[in-house]
Amino acid sequence: MNCIWPNMKYILASLTLLMSTMLLAGCANSNRHILGANDESQLQVRSIQTRAFDTSDKNMVVRNVVASLQDLNFVIDKADADLGTVTATKLSGYQIRMTVTVRPKGDTQMVVRANGQYNNKVILDPVMYQDFFAVLQKSLFPTANSIDGHGRSDAAVFL
């Protein structure tokens, strides 16, 4: 009986390692599905989700992100000005989760990226992001001007 238990420990350890590896492989595949099949589609999604603002005040941008999300009827779940992240949820018959990150771009700009999810899938509809950035732009005006990923101002992006 004593000879079986040491072998059983090795078998259980091997099974645990095998199952963990299979779980991690499954997570990697689901992330590819959520983000899209190729790099071009990922770049298109990022360009919809991202705007740069001419300001160096990260805390001010984070505060305005919070206010903009609240204006759009989101409930703030978590905000961290040091990290530049805000997570919010909108409950109006369906649940949308929005995560917004603010990070510096050089010395004179802040890049804001909004990531909306519905049922753990990235929202690809550009209208939701345009609405968010329009409200954010108004809250930051006149201290910051928005520039999309292609160097165009808001007038070109939202028309």
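N120 is found in the loop between β5 and β6 (121-122), and this little spot is a fun place to start. The phi of N120 is near 60°, a positive value in a residue other than glycine. Most residues other than glycine have a negative phi. Keep in mind, by the way, that this is a predicted model.

Is N120 buried or exposed? With a relative accessibility of 60%, N120 counts as exposed, because anything over 50% does.

**The overall layout**

Let's zoom out. The protein chain has five helices and seven strands. If you walk along the sequence, you meet them in the order α-α-β-α-β-β-β-β-β-α-β-α. There are 159 residues in the protein chain, and 29% of them count as buried. The chain exposes about 10500 Å², and 59% of that comes from carbon and sulfur atoms.

What about contacts between parts that sit far along the sequence from one another? Take the contacts in the protein chain with a separation of 6 or more: residues 24 or more positions apart account for 51% of them.

**Helix α3**

Now look at helix α3, which covers residues 58-71. How far apart should its ends be? At 1.5 Å a residue, its 14 residues should span 20 Å, and the end C-alpha atoms are indeed 20 Å apart, so the expectation and the model agree. If you try this yourself, multiply 1.5 Å by one less than the number of residues.

At the start of α3, have a look at D57: one of its side-chain oxygens comes to within 3.4 Å of the backbone nitrogen of N59. At the other end, α3 is followed by N73.

Which residues of α3 are buried? They are M60, V61, V62, N64, V65, V66, S68 and L69. These buried residues pack against four strands and a helix, namely β2 (75-80), β3 (85-91), β4 (95-105), β5 (109-118) and α4 (126-140).

S68 is a nice one to pick out. This serine is found in helix α3, and its relative accessible area is 0%, so S68 is buried. What does S68 touch, leaving aside its neighbours within four places in sequence? The residues in contact with S68 are F132, V135, L136 and S139.

**Two hairpins**

Next come the strands. β3 and β4 pair in the antiparallel sense over seven bridges, with K90 standing opposite I96 in β4. The hairpin that β3 and β4 make has three residues between the strands, and G93 there takes a positive phi near 90°.

β4 then pairs with β5, again in the antiparallel sense, over ten bridges. Here V102 stands opposite V112 in β5. This hairpin has three residues between its strands, and in the turn G106 has a positive phi of about 70°. While you're looking at strands, remember a general point: in a regular strand the side chains alternate between the two faces of the sheet.

**Positive phi in one place**

Here are the positive phi values side by side, glycines and asparagines together.

| Residue | Where | Phi |
|---|---|---|
| N73 | loop between α3 and β2 | about 70° |
| G93 | hairpin of β3 and β4 | near 90° |
| G106 | turn between β4 and β5 | about 70° |
| N120 | loop between β5 and β6 | near 60° |

N73 is not a glycine, yet its phi is positive. N73 counts as exposed, because its relative accessibility is 57% and the cut-off is over 50%.

**A pair of tyrosines**

Last stop: the rings. The structure holds two aromatic pairs. One of them is Y94 with Y118: the ring centres are 6.1 Å apart and the planes meet at 85°, so the pair is edge-to-face. Why does this pair tie together parts that are 24 residues apart in sequence? Because Y94 lies in the loop between β3 and β4, while Y118 is in strand β5.

From C-alpha to C-alpha, Y94 and Y118 are 8.2 Å apart in space. And how open are the two tyrosines? Y94 has a relative accessible area of 40%, so this residue is partly exposed. Y118 is partly exposed as well, with a value of 38%.

How values were computed. Residues are numbered from 1 along each chain as its sequence is written. This is a predicted model: local features need pLDDT of at least 70, side-chain atom pairs count only at pLDDT 80 or more; totals for chains, interfaces and linings use all residues. Side-chain values use heavy atoms; hydrogens and water are left out. Buried means under 20% relative accessible area, exposed over 50%, partly exposed in between (1.4 Å probe, protein chains only). Contact means heavy atoms within 4.5 Å. A polar contact is a pair of N or O atoms within 3.5 Å; within protein, one must be able to donate a hydrogen and the other to accept it, and residues adjacent in sequence count only if both atoms are side-chain atoms. Two strands pair if DSSP finds at least two bridges between them. Accessible areas come from the Shrake-Rupley method with a 1.4 Å probe; for residues, only the protein chains shown count as cover. Rings of Phe, Tyr and Trp (its six-membered ring) pair if their centres lie within 6.5 Å; planes under 30 degrees apart count as stacked, over 60 as edge-to-face and the rest as tilted.
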